[in-house]
Amino acid sequence: MQQQENDELSRAKIEATQQRRRADALEEELRLAKQQYVLVQTQLEQEEECITNKLIKRLDELKKEKAQLVCEVEQEEELVSATLRTRLQTANHEHEAVIHKLQVQLDQLRSERNKLHAEKIELENQLEAEQEFIMNKLQKQLEKLGAEKKGLQRETSELQLQIKTLAQCVERLNLEKVKLEQELEVEEEKITNRLQRQVESLVGTLRGVESALAGRGLSLKDLGLSSPLGGWGDAYVSTPRRSP
């Protein structure tokens, strides 16, 4: 009887030792999983910060370029308007038509600028929502991992799946960033070409006025005026332009 009790006590001790070892192994696996999660979260935050900084830098540069372009357009419009008002009083109808056309085109440029600004805000909001969604999802997974020791293997598999998903999200964000930069460059080139065509149209109109006067045997000098173009119009017309 005593021997049987001793055997049962020995088996209980052995089983208790095995249970402690198993618990220690589970604790070590949980600690390693937490370390892996912290490392992944740190890398993700660094990548997101890098992407955000690049986007902000590119958007700031685009905003400065757009502001400079609008300023140049406004200065060009003011210069042309002042020149036409003071030197082409005999061609009021043509002058008003040119000014109206420039105003319409300027309104179109401003509309396009506002559209780009709205797209920028929308992209920033999407990025912020995506970051918040990822952080909330990771937080819920961490709480679940801490509460369920017995399901450590299953939780580890889910965490690996989430890491893969996050990597895909980061790759997708990189692709969207590249696509946005390409679209912005194309839009910028279209606006530049459109402005050059506007200037060429204005130069052609002014030359048409001079041709009309020449057809009547007159010139701007006969009217006591000098050509507002000089060599300026030739420079614009001879400049090659890339097709949008």
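**Close-up views of charged residues**

Arg172 is partly exposed, at 35% relative accessible area (buried is under 20%, exposed over 50%, partly exposed in between; 1.4 Å probe, protein chains only). The model is predicted: local features need pLDDT of at least 70, side-chain atom pairs count only at pLDDT 80 or more, and totals for chains, interfaces and linings use all residues. Residues are numbered from 1 along each chain as its sequence is written, and side-chain values use heavy atoms, without hydrogens and water.

**View 1. Arg172 pairs with Glu176.** Their salt bridge (a side-chain nitrogen of Lys or Arg within 4 Å of a carboxyl oxygen of Asp or Glu) spans 3.0 Å, N to O. Both sit in helix α3 (residues 152-215; helices are DSSP runs of H or I, at least four residues, numbered from the N terminus). They are four residues apart, so about one helical turn separates them. Glu176 is partly exposed, at 34%.

**View 2. Glu181 bridges to Lys177.** The closest N and O atoms are 3.6 Å apart. Both residues lie in helix α3, four residues apart. Glu181 is partly exposed at 23%, whereas Lys177 is buried at 12%. Elsewhere, shared salt-bridge partners join Glu130, Arg172 and Glu176 into one network.

**View 3. Glu74 meets Arg110.** Their closest N and O atoms are 3.4 Å apart. This salt bridge links distant parts of the chain: Glu74 in helix α1 (residues 2-87) and Arg110 in helix α2, 36 residues apart. Glu74 is partly exposed at 35%. Arg110 is partly exposed at 30%. The whole structure holds seven salt bridges.

How values were computed: Helices (H or I, at least four residues) and strands (E, at least two) are DSSP runs, numbered from the N terminus.
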